[in-house]
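Hi,

Here is the structure I said I'd pass along. Have a look at it first, and then read my notes underneath.

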Amino acid sequence: MAEAAGAAVAPAKLGLYSYWRSSCSHRVRIALNLKGLEYEYKAVNLLKGEHSDPEFMKVNPMKFVPALVDGDAVIGDSYAIALYLEDKYPEHPLLPQDLKMKALNLQIASIVCSGIQPLHNLTVLVRTDLHSISYCHRFIEKKVGTGESIPWTQQQIDRGFAAAENLVKGCAGKYATGDEVRLADVFLAPQIYAAVTRFQINMLNYPTLARLHEEYMKHPAFQAALPDRQPDAPSST
């Protein structure tokens with residue numbers, strides 16, 4: 001049946017290609033939740049090599065998650081997705097109007113997505129040329145020695161956290177750059193969560209980031225985006 005003239009047409013639901021443990025996907029889930037946007041969760045199992053499936057490669061030729069589908073727009077990078085959402089869905093803004101604070105938020109997001117996270121993702125920590133891969137850290141251990149993959153990863157995270165701590169400790173309010181959740185929080189939260197739960201980072205060295213982590217864990221939008229709450233997360237039973 002044709003739509004009646006002048007009738008409102010409901011916007012198509014967004015689609016998010018995601019993997020439960022991916023911190024890049026995690027940050028996009030937070031952004032979507034903060035903006036109150038509904039989306040269809042499309043699981044991509046990285047351990048089973050589903051990111052190399054020809055159909056997914058049509059969505060993102062880089063074979064990375066996340067990827068966001070919004071009508072005819074397809075965006076395959078978490079940083080680009082966050083900025084796209086900010087421009088198209090300005091409600092609950094993630095970037096402040098103040099240019100200095102806006103630049104700070106962008107800088108912190110860039111530190112996470114360029115200077116920390118890529119150094120401990122699957123393409124670095126394990127061999128990803130197999131259809132089925134495991135978290136055995138063979139690739140790094142082959143390069144730096146047996147048993148050295150976790151210390152190597154911790155070193156990369158510590159370097160980035162030291163920079164982030166110095167940037168936020170003088171301007172943090174309840175959240176990283178004030179009393180409102182901003183883009184810096186969207187990027188910091190998954191990185192801190194992974195540092196605490198997967199990489200045994202001593203957060204006593206980063207008191208501001210540790211306090212922020214406590215705030216993130218109380219916030220509904222952050223809680224709903226947690227890895228173990230995603231539909232493709234392994235069952236605990």
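Below is what turned up, going from the overall fold to single pairs of residues.

A word on ground rules: this is a predicted model, so local features need pLDDT of at least 70 and side-chain atom pairs count only at pLDDT 80 or more, while totals for chains, interfaces and linings use all residues. Residues are numbered from 1 along each chain as its sequence is written, and side-chain values use heavy atoms, with hydrogens and water left out.

The protein chain has 10 helices and 4 strands (DSSP runs of H or I with at least four residues, and of E with at least two, numbered from the N terminus). Starting at the N terminus, the order is β-α-β-α-β-β-α-α-α-α-α-α-α-α. Of its 237 residues, 47% count as buried (under 20% relative accessible area with a 1.4 Å probe, protein chains only; exposed is over 50%, and partly exposed is in between).

Now the core. The largest nonpolar core (buried Ala, Val, Leu, Ile, Met, Phe, Trp, Tyr and Cys joined through side-chain atoms within 4.5 Å) has 62 residues, and Phe161, Leu188, Leu209 and Tyr216 touch the most other members. Helix H8 (residues 183-197) gives the largest share, 9 residues. Both domain 1 (15-88) and domain 2 (99-229) contribute to this core, so it lies between them; the bounds come from an automatic or database domain assignment.

Tyr216 also turns up among the aromatic pairs, of which the whole structure has 6 (ring centres of Phe, Tyr or Trp, taking its six-membered ring, within 6.5 Å; planes under 30 degrees apart are stacked, over 60 edge-to-face, the rest tilted). The ring centres of Tyr216 and Phe222 are 4.9 Å apart with planes at 10°, so this pair is stacked. Both residues are buried, and ring pairs join them with Tyr175 in a cluster.

Finally, there are 5 salt bridges (a side-chain nitrogen of Lys or Arg within 4 Å of a carboxyl oxygen of Asp or Glu). Which one should you look up first? I'd pick Lys35 with Glu86, at 2.9 Å from N to O. Lys35 sits in the loop between helix H1 (23-34) and strand E2 (39-43), whereas Glu86 is in helix H3 (residues 78-88), 51 residues apart. Lys35 is buried at 6% relative accessible area, and Glu86 is buried too, at 12%. By contrast, Lys42 and Glu40 bridge at 3.5 Å, with Lys42 partly exposed at 25% and Glu40 partly exposed at 42%.

Cheers
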